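Here is my note on the structure you sent. The points are numbered so that you can reply to each in turn.

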Amino acid sequence: MTWIDSTQSWKLNTVTERTYHPSGFDEQNKQELDTTLTLYPRDLARKTSDVYQLSYAEAQEYISSILRSGAGSVNIPKVHFYGRLAYPFSLPVVILVGFAVASVRHRGGKGIYIGAGLSISFLYLAFMKIIEPFGYYGAISPWMAATIAHLFFLVVGIIMLIKAKK
């Protein structure tokens, strides 16, 4: 198979063309055949499959090239892409939850706050990593798999802040 730039098509060499019908199929051998596929040369020469190493435009192009080529498991890079978009919102969420925890006075000094902060951060990260496979396998949408942990902890932080003693 050879890519022809001028026609934006593929030239196939030594082709066996089969035409199927109810009683079987007819077979015809050809030396050359020009065809148009939804597959481009750039789809065959990807730099990396790690969405985190690509720019946003490259990651979107990578995902669209997977869709064009008909390859499976497009949900995994989609979850990673949406997770990358949602990640900056985790900082305000963690600050909100941390502020809500710190606003309640506990006995035991600052160690309680450090332990609570580490526990909440661990739960946040664990929740994100537990939910991701549901998006990989289509149980929930990739967008939801990437953002549900952030939304959940945002709601928890708001509730904790409201219930905190003034």
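1. Contact here means heavy atoms within 4.5 Å. On that basis, and leaving aside neighbours within four places in sequence, E132 is in contact with V79 and A145. Please keep in mind throughout that this is a predicted model.

2. Overall make-up. The chain has six helices and three strands. Along the sequence the order is β-β-β-α-α-α-α-α-α. The strands therefore come before the helices in that pattern.

3. Overall spread. The radius of gyration is 26 Å, well over the 15 Å from the globule rule for 166 residues, so the chain is more spread out than a compact globule. Along the principal axes, the C-alpha atoms fill a box of roughly 85 × 40 × 20 Å. One pair gives a sense of scale: the C-alpha atoms of S69 and I158 are separated by 44 Å. Those two residues are 89 residues apart along the chain. S69 belongs to helix α2, which covers residues 56–69. Its relative accessible area is 30%, so S69 is partly exposed.

4. Burial and surface. Of the 166 residues in the chain, 26% are buried. The exposed area of the chain is about 11,400 Å². Carbon and sulfur atoms supply 64% of that area.

5. Contact range. Take the contacts in the chain with a separation of 6 or more. Residues 24 or more positions apart account for 48% of them.

6. Charge layout. There are 16 positive and 11 negative side chains in the chain. How far apart do the centres of the two sets lie? The distance is 27 Å.

7. Salt bridges, overall. A search of the whole structure gives four salt bridges. Points 8 to 10 take up some of them.

8. E32 and K11. These two residues form a salt bridge, with the closest N and O atoms 3.2 Å apart. The pair links distant parts of the chain. E32 sits in strand β3 (residues 24–35) and K11 in strand β2 (residues 9–21). They are 21 residues apart. Are the partners buried or exposed? E32 has 48% relative accessibility, so it counts as partly exposed. K11 has 25% and also counts as partly exposed.

9. E17 and K30. Here the closest N and O atoms of the salt bridge are 2.7 Å apart. E17 lies in strand β2 and K30 in strand β3, so the pair ties together parts that are 13 residues apart in sequence. E17 counts as partly exposed because its relative accessibility is 30%. K30 is partly exposed too, with a relative accessible area of 25%.

10. K129 and E132. Their side chains meet in a salt bridge at 3.6 Å, N to O. Both residues are in helix α5 (residues 110–136). Because they are three residues apart in that helix, about one helical turn separates them. Which of the two is buried, and which is partly exposed? K129 has a relative accessible area of 46%, so it is partly exposed. E132 has 13%, which is under the 20% cut-off, so E132 is buried. This is the E132 from point 1, in contact with V79 and A145.

11. Q8 backbone. Q8 is not a glycine, yet it has a positive phi of about 55°. It lies in the loop between β1 (2–4) and β2. At 44% relative accessibility, Q8 is partly exposed.

12. T14 backbone. T14 also has a positive phi, about 55°, and is not a glycine. Where does T14 lie? It is found in strand β2. Its relative accessibility is 63%, over the 50% cut-off, so T14 counts as exposed.

13. Points to look at on screen. Start with the salt bridge between E17 and K30, then the one between E32 and K11. Next, turn to helix α5 and find E132. Finish with the phi angles of Q8 and T14.

How values were computed: Residues numbered from 1 in each chain as written. Predicted model: local features only at pLDDT ≥ 70, side-chain atom pairs only at ≥ 80, totals over all residues. Heavy atoms only, no water. Helix = DSSP H or I, 4+ residues; strand = E, 2+ residues; numbered from the N terminus. Buried < 20%, exposed > 50% of the residue type's maximum accessible area, 1.4 Å probe, protein only. Rg over C-alpha atoms; globule rule 2.2 N^0.38 Å. Areas by Shrake-Rupley, 256 points an atom, 1.4 Å probe, with all protein chains shown as cover. Lys, Arg positive; Asp, Glu negative; His and termini not counted. Charge placed at Lys NZ, Arg CZ, Asp CG, Glu CD.
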